[in-house]
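Here's a quick tour of a single chain, starting with its charges and ending among its aromatic rings. Have a look first, then read on.

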Amino acid sequence: MNEVNPPGGPPAGKVWIVGGPGCGKSTLAGLLAEPGAPPVRLDALFWGPGWTPVPEERFLAEIQKALEAQRWVVDGQFPAAVAAYAHTADCVVWVDPPLRVSWPRLLRRTLRRWISREELWGGTRETLWTVVGPRSILWYALKVRAEQRQANLDLFARLSETGVRLIRFRGGDVRNLVGRIAR
C-alpha cells in the first residue's frame with residue numbers, strides 16, 4: 001500500500017474509488033457504504049440498454065445529484081466524472097492490484113454474469129459476444145490498463161496539494177484497506 005498523504009485528519013465522509021476493471025472498486029465501495037446510503041455506482045449511471053452510454057450531460061447531472069448528499073462513496077473511473085467531481089471528495093482511493101490478481105477476478109465475474117444471465121445496468125446482460133468479442137470487458141481491461149494508470153497518476157498529482165487524502169492500494173484484497181479509511 002502506498003499512501004500519498006499521511007493518515008490523520010477528520011474522517012472521510014466523501015470517498016471516491018478509482019481503478020481498472022476487476023480491481024475491487026465495487027467491493028470496497030460496498031464495504032465503506034453506510035446503511036441507507038448505497039454507493040454511487042458510476043457504471044449504473046453511465047450505461048444504458050445494450051451497453052450504450054447515456055449522454056454525457058445526463059451522466060454528469062446524475063452524478064451531481066448523487067453528490068449533494070453530505071456523505072457518499074463513489075465507485076468508478078469514467079474520465080468526465082473524475083475530472084468534474086473527484087476533487088470534491090475527502091479521500092480518493094486508487095485500487096491498483098497487479099494484473100495477475102485483477103484479470104482472473106474479472107474473468108470469473110464476467111463468466112458468472114454470463115452463465116447466470118445476471119441483469120446489469122440498463123437491463124443489459126452479458127452475452128458470449130460481450131465476453132469474448134471485441135467489446136469484451138476482458139479485452140478492454142488489458143487495452144486501457146496503462147492509460148488508466150497514467151490517468152490516476154495525473155489525478156493524484158493534481159490533487160496532491162488540495163488536502164484530499166490520497167491512498168493507492170496495490171494489495172489484492174480490499175478488505176485489508178477498510179480499516180485505514182475512517183468513516
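## Charges

How far apart are the mean positions of the positive and negative charges of the chain? This is a predicted model, and in it the two mean positions sit 7 Å apart, with 25 positive and 17 negative charges going into them.

## Overall build

On the secondary structure side, you get seven helices and eight strands. The radius of gyration comes out at 16 Å, close to the 16 Å that the globule rule gives for 183 residues, so the chain is as compact as a globular protein of that length. Along the principal axes, the C-alpha atoms fill a box of roughly 50 × 35 × 30 Å.

Of the 183 residues, 43% count as buried. The exposed surface is about 9700 Å², and carbon and sulfur atoms supply 57% of that. Take the contacts with a separation of 6 or more: 73% of them come from residues 24 or more positions apart.

## Aromatic rings

The chain has eight aromatic pairs. In one of them, Phe46 and Phe78 have ring centres 4.1 Å apart and planes at 20°, so they're stacked. Phe46 belongs to helix H2 (residues 42-46), while Phe78 is in the loop between strand E6 (72-75) and helix H4 (79-85), so the pair ties together parts 32 residues apart in sequence. Phe46 is buried at 17% relative accessible area, and Phe78 is buried too, at 15%.

Trp47 and Trp51 pair up another way: their centres are 5.5 Å apart and their planes at 85°, so this one is edge-to-face. Trp51 is buried, at 16% relative accessible area. These four rings join Phe59 and Trp121 in one aromatic cluster.

Terms used: Residues are numbered from 1 along each chain as its sequence is written. This is a predicted model: local features need pLDDT of at least 70, side-chain atom pairs count only at pLDDT 80 or more; totals for chains, interfaces and linings use all residues. Side-chain values use heavy atoms; hydrogens and water are left out. Helices (H or I, at least four residues) and strands (E, at least two) are DSSP runs, numbered from the N terminus. The radius of gyration is taken over C-alpha atoms; the globule rule is 2.2 Å times the number of residues to the power 0.38. Buried means under 20% relative accessible area, exposed over 50%, partly exposed in between (1.4 Å probe, protein chains only). Contact means heavy atoms within 4.5 Å. Accessible areas come from the Shrake-Rupley method with a 1.4 Å probe; for residues, only the protein chains shown count as cover. Lys and Arg count as positive and Asp and Glu as negative; His and the chain ends are not counted. The place of a charge is taken as NZ of Lys, CZ of Arg, CG of Asp or CD of Glu. Rings of Phe, Tyr and Trp (its six-membered ring) pair if their centres lie within 6.5 Å; planes under 30 degrees apart count as stacked, over 60 as edge-to-face and the rest as tilted.
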